[in-house]
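Subject: Structure handover

Hello,

I am passing a structure on to you. Please open it first, then read my notes below.

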Amino acid sequence: MLNGFKNFIMRGNVVDLAVGVVIGAAFTTLVNQFTKSFLEPVIKMVGAGEGKIGGRTKIGTENFIDWGAFINATITFVLTAAVLYFLVVLPMNKLAERRNKGKEPEPAPVTEDIRLLTEIRDALVAARVPAQATRQETEHSTER
């Protein structure tokens with residue numbers, strides 16, 4: 001029972017998922033703080049004008065388009081995805097390549113059409129062989 005649980009946990013996709021979730025959650029916090037501390041002030045500085053709030057555009061009386069928050073969220077997403085790819089996915093793929101380096105790939109499973117064609121070929125060969133044997137016996141008996 002414990003051996004089955006160990007095999008389940010050690011499957012590559014379960015480990016990948018667990019590592020991705022933990023690393024992603026921790027790194028997202030880091031990237032969010034980076035965007036709030038460094039990028040948001042730059043975006044506000046660029047967007048600020050005469051009496052305008054940086055990163056926001058007023059539409060109507062009380063409504064704003066908060067394009068600065070959208071840019072921050074986009075940067076956060078791109079940074080998180082890049083770090084997860086380069087620090088988790090890429091090393092796991094390299095590790096999997098090293099593990100599978102000396103192994104031969106399993107042959108592809110035989111498809112239904114190939115199996116049917118093989119059966120037809122075998123049936124034709126089996127039907128032809130007795131007929132040939134009968135013809136050869138007839139030819140040998142007439143030659144004598």
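Here is what was found, from the overall layout down to single side chains.

Please keep in mind that this is a predicted model.

Overall layout

Start with the fold elements. The chain has four helices and two strands. Read from the N terminus, their order is α-α-β-β-α-α. Two of the helices come up again below. Helix α2 covers residues 12–47. Helix α4 covers residues 112–143.

Next, burial. The chain has 144 residues, and 9% of them are buried. The exposed surface of the chain comes to about 12,200 Å². Carbon and sulfur atoms supply 65% of that surface.

Then the contacts. Take those in the chain with a separation of 6 or more. Residues 24 or more positions apart account for 50% of them.

Salt bridges

How many salt bridges does a search of the whole structure find? The count is three.

Look at R115 in helix α4 to begin with. Its side chain meets that of E112 in a salt bridge, at 2.4 Å from N to O. R115 and E112 are three residues apart in the helix, so about one helical turn separates them. The side chain of R115 also meets that of E119, here at 2.3 Å from N to O. E119 and R115 lie four residues apart in helix α4, which again means a separation of about one helical turn.

Which residues does this link into a network of salt bridges? They are E112, R115 and E119.

Are these side chains buried or exposed? The answer lies in between. R115 has a relative accessibility of 35%, so it counts as partly exposed. E112 is partly exposed too, with a value of 46%. E119 is partly exposed at 42%.

The remaining bridge joins D122 and R121. Their side chains meet at 3.1 Å, N to O. D122 is partly exposed, with a relative accessible area of 40%.

Aromatic pairs

Now the rings. The count comes to two aromatic pairs. One of them is F34 with F38: the ring centres are 5.4 Å apart and the planes stand at 40 degrees, so the pair is tilted. Where do these two residues sit? Both are in helix α2, four residues apart, so about one helical turn lies between them. F34 is partly exposed, with a relative accessible area of 36%. F38 is exposed, at 52%.

Y85 and F86 also form an aromatic pair. Their ring centres are 5.1 Å apart, with 80 degrees between the planes. That makes the pair edge-to-face. Y85 counts as partly exposed, at 40% relative accessibility. F86 is exposed, with a relative accessible area of 51%.

Where to look

If you have little time, try these stops in the viewer:

- Helix α4, for the salt bridge between R115 and E112.
- R115 again, for its salt bridge with E119.
- D122 and R121, for their salt bridge.
- Helix α2, for the rings of F34 and F38.
- Y85 and F86, for the edge-to-face pair.

Best wishes

Key: Residues are numbered from 1 along each chain as its sequence is written. This is a predicted model: local features need pLDDT of at least 70, side-chain atom pairs count only at pLDDT 80 or more; totals for chains, interfaces and linings use all residues. Side-chain values use heavy atoms; hydrogens and water are left out. Buried means under 20% relative accessible area, exposed over 50%, partly exposed in between (1.4 Å probe, protein chains only). Contact means heavy atoms within 4.5 Å. Accessible areas come from the Shrake-Rupley method with a 1.4 Å probe; for residues, only the protein chains shown count as cover. A salt bridge is a side-chain nitrogen of Lys or Arg within 4 Å of a carboxyl oxygen of Asp or Glu. Rings of Phe, Tyr and Trp (its six-membered ring) pair if their centres lie within 6.5 Å; planes under 30 degrees apart count as stacked, over 60 as edge-to-face and the rest as tilted.
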